[in-house]
Structure formats: C-alpha cells, structure tokens
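Dear colleague,

Please find below the structure that I am handing over to you. My notes on what was found in it follow directly after.

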Amino acid sequence: MEDCNSYQLRSGHNEFAYQKDSRWWHEPYSHHVYRQAISAVSLAPVVYFWERKTRSKLTAGVLCQLSLDAVTGATLCLYSFLLGLEYTSSTFTCAFINMVPAITFTLALPFGLEKVNLRNKAGVTKVIGTLVCIDGAVVLTLYKGKTLVGLDSGGAVHAENYADPMVSSKNKKERWAIGSVFLAAGTVFLSSLFVPQTRIGTTYPCQYSSTAILSFFSAIQSAIISLITERDFTRWILKGRLELLSVAYSGMVGSGLCYVGLSWSVKQKGPVFTSTFTLLVQIFVAIFDFSILHGQIYFGSVIGSILVVIGLYILLWGRNREAEQTQQLKQTQIEERSN
C-alpha cells in the first residue's frame, strides 16, 4: 500500500484524484513491478550469506507452491487493492483488511490448521465471531453513510463541484460498490497467503529464500499484467525523488522484510495469530490519511469496522479459550498416565 499512498499524496486529492487524469491508476502497476524486483534483489545478498549453509533443498513442488502464492498473495492481492482504492478511499480500503483474520480462520478450517467443536462454548464463540466479522463486511460493502470527518466545508464544496460535471451521484454509488468488490477480492487473496505459508514453513523453512523467490515470481507476473494494461513505456519512468524513495522503501521493507516477518510469524504462531496484526494497518493509514491526505470518514465505514473488530475479538477469545481447554486436557491425561 505504500506506493499507492505516496501517489495519492502527489495528486493532492484523495478519492477525487482519478478525475484529474483518468489514466492515473496505470502508474502504480509499473511501480509494483519495480517493488517486487527490488525486494528480490535486496534479499539476494542476505540469502547468499545468511542461508547459504542452512538452506534446504529447493524442489519443484516448493517452486510451484511459491509461484501460486505469488499469484494470489502478492500480484492479484495488490492489484485488487489498487483497483479498489481507485473507486473508494485509502481508509475504506484498510477497513476491509480488518476482515483478514476471520477469512484466514475460515480458510484454515479445511486444511486442519484450525478446528471448531460446536459441542463446547469456545467452538460456538469462534463461529459467532466469524459471523459478526462477515456482518461487518456486508455493512462496509453495502452501506456508505454520511461523511463524519474529512474536508472542511470549502474543500468539500470545491471537490463536489469539481466532480459533479463528470460523475453523477448514482455513478458515485456504483463506483463505491465496484470498489468494494475489488477490495473484498483483495482481502480474500491476502488471507490466502497466510495458510500456504504454514506448509512452506515446514517443507522449506528458509524465510529469506522463500520471500526472494516469491518476489521474483511476482515481479514477472506483474510485468506481464503491466505490459498488457500499459504499453506506453514512458509511463514506466520514475519521476522525482518521492517516487524513487516510495518504490525503494515499499520494495525493501513492504515486500521484503514484511514478508520475511510474516513467514517467520506463521511458522511460530500459525496463520490466524499472524493475520490479527493486520488491524494495525488501518490505524497507521488513518493517521496518514487524515493528517496529510485530508481524507474522509464515512458512517458506514465506522459501523462496519466496529462490527469487524468486535467479531475478531470474539473469535480470538474463543480460540484462546479452546487452546486453554486443550492444554488442560493434555495435562490431565499426562497426570492420569503418571498415576
């Protein structure tokens, strides 16, 4: 998301920025190619010196798994969020990311990474928490509501007058709905990245190597998509120090170190625990959006986010409670055997 936010900063408007240039959304696509390429290149020295002696054997199955993870968790995920951001706003985009833990929990069930026992309260609580998160997602998608915080009256009138000749009120609602669909797809793609990392962490426990390979595959995939959507190579040129710094930072930190940390955390604590930290994204983006980009908060976004957070809390409480019960049961069995 870093490269997309930096572009909004240069535009000077938030959700009305696309009206200044209907082709603005092509530029972050080429940025994504650079981002993944920088990630792979920056991790290469670390892979060589740090994991040279401890690196596991790289099999064809691991390469296929990393390639598929790159398609869903890196390439399609970010492109979906970029398209959703074009139709909505950065704060609304991050509100959807709050659903990642619930979706990750749902995806982990068929693979046996999470279990639900409806015969005890903890299992029922996990199901209720997931359903509340889904309700919050529905509110985010279908209800926008009034603006609670955002531009002052003069700025809002200026933006509204600027947009009215080009986009009607009905079209705005349609664009918001389309953006919600893209954001929902991006959230599912992001959630699908956590579950396969559990298997990769077992078969190929080399976080730096796996991240470098994943970034390499994503760079190739992103280049193919960018060449199809944008054939004017002049738009691939990075202009200005801000673009260079944002692309370099998002590549080395956003796609490099962050993915390494994600892989390590999934290996240690599992996919659901790791995905819960995505809630911090909305906090930091909201601060950045309101203080610098002068973004807006909508009533529907607030209600939907509250429902998602409440549902996530219920889900995590049930999960922790079930883990405690399992630990107590094991302890009881050990004591019975010893006696």
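Of the 339 residues in the protein, 47% are buried. Please bear in mind that this is a predicted model. The accessible surface amounts to about 17,300 Å², and carbon and sulfur atoms contribute 66% of that area. In secondary structure, the protein has 13 helices and two strands. Among contacts with a separation of 6 or more, 87% join residues that are 24 or more positions apart.

Two pairs of residues illustrate such separations in sequence. Arginine 35 and serine 222 are 187 residues apart in sequence, while their C-alpha atoms are 9.9 Å apart in space. Likewise, arginine 235 and serine 30 are 205 residues apart along the chain, with 8.1 Å between their C-alpha atoms.

The two arginines may be described in turn. Arginine 35 belongs to helix α2. Because its relative accessible area is 6%, under the 20% limit, arginine 35 counts as buried. Its side chain makes a polar contact of 2.6 Å with the side chain of serine 255. Arginine 235, for its part, sits in the loop that runs between α9 (207-229) and α10 (241-269). With a relative accessible area of 25%, arginine 235 is partly exposed.

A charged residue that deserves a paragraph is glutamate 51. Glutamate 51 is located in the loop between α2 (27-50) and α3 (60-87). This residue is buried and yet has no salt bridge. The nearest side chain of opposite charge is that of arginine 55, at 5.2 Å; a salt bridge requires a distance within 4 Å, so this pair does not qualify. A polar atom of the glutamate 51 side chain does, however, lie 3.2 Å from the backbone nitrogen of tyrosine 208. When neighbours within four places in sequence are left aside, the residues in contact with glutamate 51 are Val46, Cys206, Gln207, Tyr208 and Ser209.

Where, then, is a salt bridge found? The structure holds one salt bridge, and it joins the side chains of glutamate 324 and arginine 321, with an N to O distance of 3.4 Å. Both residues lie in helix α13 (residues 299-338), three residues apart, which is about one turn of the helix. Glutamate 324 is partly exposed, at 42% relative accessibility. Arginine 321 is also partly exposed, at 35%.

Two further regions concern cover and surface. Helix α5 (residues 100-108) is mostly covered, with seven of its nine residues buried. These buried residues are Val100, Pro101, Ala102, Ile103, Thr104, Phe105 and Ala108.

On the surface there is a nonpolar patch formed by Leu109, Val116, Leu118, Val124, Val127, Ile128, Leu131, Ile134 and Val138. Together these residues have about 680 Å² of accessible area. One of them, valine 138, lies in helix α6 (residues 121-142). Its relative accessible area is 40%, and valine 138 is therefore partly exposed, falling between the limits of 20% and 50%.

For a first look at the model, I would suggest glutamate 51, which is buried without a salt bridge, and then the pair of glutamate 324 and arginine 321, whose side chains do meet in one.

Yours sincerely,
A colleague

How values were computed: Residues numbered from 1 in each chain as written. Predicted model: local features only at pLDDT ≥ 70, side-chain atom pairs only at ≥ 80, totals over all residues. Heavy atoms only, no water. Helix = DSSP H or I, 4+ residues; strand = E, 2+ residues; numbered from the N terminus. Buried < 20%, exposed > 50% of the residue type's maximum accessible area, 1.4 Å probe, protein only. Lys, Arg positive; Asp, Glu negative; His and termini not counted. Polar contact = N/O pair within 3.5 Å; in protein donor to acceptor, adjacent residues only side chain to side chain. Contact = heavy atoms within 4.5 Å. Patch = residues over 30% accessible without salt bridge, like charges linked within 9 Å, V, L, I, M, F, W, Y side chains within 5 Å. Areas by Shrake-Rupley, 256 points an atom, 1.4 Å probe, with all protein chains shown as cover.
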